[in-house]
Amino acid sequence: MEKTTKLKVLESIGKIYEVSKRSKLEDSFFVKMYKELSFLAEYSGTTKSQALFFSIVFAENFKGNSVDFSDLIRYLNCNPMKLLEFSDDFSHLCASGIFEKTKSRFKKKLSGANDQYSINEKISEAILNNEHLPDIQDQKITDVIQLLEEINIVGEQCYDGEISTQELLSKTSELVKNNLHFPLIRIVNHFDFQIEDAFLYMFTIWKTIDGNKAIDIGRTCETVFDNTTKRFNYLQKFLAGENILVKNNFVEIVEPQFYNCSEMKLSESSYNLLRECEINLFDHNQKKKKSKKENIISPTDISHKELIFSESEMQQLFLLKDLLNQKKFIETQNRLIDKNLPPGVTVLLHGIPGSGKTEIAKQLAKETNRELMKVEISQSKSMWFGESEKIIKSIFTDYKSYAKECERTPILLFNEADAIFSKRKEIGSSNLAQTENTLQNILLEELENFVGILIATTNLVDNLDSAFERRFLYKINFSKPDKSIRARIWKSKFPDLELEDCKMLAEKYEFSGGQIDNILRKNEIHEIVNGEQVSLDNLLTFCSEETLSSKRPQVGFVKSA
């Protein structure tokens, strides 16, 4: 390419820009600038009238301005209707990739009236680098993931007001039509969706690929519809299950607590469909595996521990273990369902700290060969207002989804549930109180309709809201172990210790099982660090260190008698 081409192009643009000012788009202008317009049209692959608008927008862009119809009308000093005669030129310049179009912040309720134009950066770079103009229009989508991303970009442009709903649906239709060689797009086209549904489905697939477990239905409908009435009607039918995506099980609606929090996610059928199209949503599968590592405990990973409690406490635990036996559990659920009773098993373990409530849940899981989904409920109280509700809701949604994958119904363990089961606050006391009340309302509703196995632990049963009492089928209290129980715990932890010494320790220290576990840990550490077996005197020292004494040594001078 000759070095003078860049200068010729810039010179032609400059002359066209100067002479076109106040030209009113009259024929005399096109005659006067015939030479420059012809050269620029040949260089850019456009018509002479398109070369004119190319020149004005190019020059204005380098002055730091984007250009809309109002700017052009003022610059050309022409009748607005005269400019509209050339509207096809703007459509061609946008379709060919020479122009990029955005929406003005100040929207006018007329088609095209708020469109702003700028030169594609690749075009201006080619001119300034003395290169041929790139054929942007022929740049093709190379894989289906790129296509889904393009659909997402179009959706975000519509949501941001850069393009209209009509343009969104038109672009989506064009993308589908031009990419039927991709199996997924061919299948979507085969289902004969309305274009709104096709966009929504592919948009949801992209959001899932991008790491979203579920997407907000209301916000997504705002992406598709700029007309409030159409959006509302579409949303109503969608939530009522009348939309084809819901009726034919392409997506699932995540049960909402509040109207504005309705969410949807891809169904298992969609995951299977995507796999058939060789789109493996590795994020979906890997996140499942990751979540299993983080909060799912396999029964094979739980070490056996002997549970030692009073006779009445053990009887209740034996009943619970028998109930969770797979055959008895299924039989129980079937009978309860037949009698129109809630089939879920909900258990509240309450009592002093260190009594082994969490360990009981683990041992029950091991004994009945069930997976344990452990939730530290205090960590679910998000610092972000409005997020806690979604987190609590997602716990039950995740549990239901995971239960479908398990051969046996897993146990959902709410550890330290007093963090959220506490008495409800008075209305209007604070925003935080209102949020906590909302969380409790969600929990109460979930417990009311719970189908699986839930075990909650708490140290502060007196702080429990009375509304939760009825939601727990079994409520087992673990009191402070008496001397005989403590002696048995000592013996189980220290089998080499003489029985009389165990009784002496039980008499001297009113420790819980958790505190005796601390002594055992110190014992093991001492033997490793010092290379010697712990003596009874060592154990007594460990015991004296275990309790935080209220008696403190005096600091400062003590007056003598």
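## Lys 15 and its partners

Let's start with Lys 15, which is partly exposed in this predicted model, because its relative accessibility is 36% and the partly exposed class runs between 20% and 50%. Glu 11 falls in that class too, at 46% relative accessibility.

The side chains of Glu 11 and Lys 15 form a salt bridge, with 3.5 Å from N to O. Both residues sit in helix α1 (residues 4-20), four residues apart, or about one turn of the helix. There is a third member to meet: Glu 36 joins Glu 11 and Lys 15 in a network of salt bridges.

## The two sides of helix α3

Glu 36 brings us to helix α3 (residues 34-44), where the buried residues are Glu 36, Leu 37, Leu 40, Ala 41, Tyr 43 and Ser 44. These cover an arc of only 165 degrees around the axis, so they lie on the same side of α3. Turn to the other side of α3 and you will find Tyr 34, Lys 35 and Glu 42 exposed.

Just after α3 comes Gly 45, with a positive phi near 70 degrees.

## More salt bridges

The whole structure has 14 salt bridges. One of them pairs Glu 507 with Lys 483, at 3.2 Å from N to O. Glu 507 belongs to helix α25 (residues 499-508) and Lys 483 to helix α24 (residues 483-493), so this pair ties together parts 24 residues apart in sequence.

Another salt bridge links Lys 82 and Glu 85, whose closest N and O atoms are 3.7 Å apart. Here Lys 82 is partly exposed, at 28% relative accessibility, while Glu 85 is exposed, at 55%.

## A negative patch

Finally, look at the surface: Glu 100, Glu 121, Glu 125 and Glu 131 form a negative patch. Glu 100 is part of strand β2 (residues 99-103).

Methods. Residues numbered from 1 in each chain as written. Predicted model: local features only at pLDDT ≥ 70, side-chain atom pairs only at ≥ 80, totals over all residues. Heavy atoms only, no water. Buried < 20%, exposed > 50% of the residue type's maximum accessible area, 1.4 Å probe, protein only. Helix = DSSP H or I, 4+ residues; strand = E, 2+ residues; numbered from the N terminus. Arc of directions from axis to C-beta. Patch = residues over 30% accessible without salt bridge, like charges linked within 9 Å, V, L, I, M, F, W, Y side chains within 5 Å. Areas by Shrake-Rupley, 256 points an atom, 1.4 Å probe, with all protein chains shown as cover. Salt bridge = Lys/Arg side-chain N within 4 Å of Asp/Glu carboxyl O. Lys, Arg positive; Asp, Glu negative; His and termini not counted. Charge placed at Lys NZ, Arg CZ, Asp CG, Glu CD.
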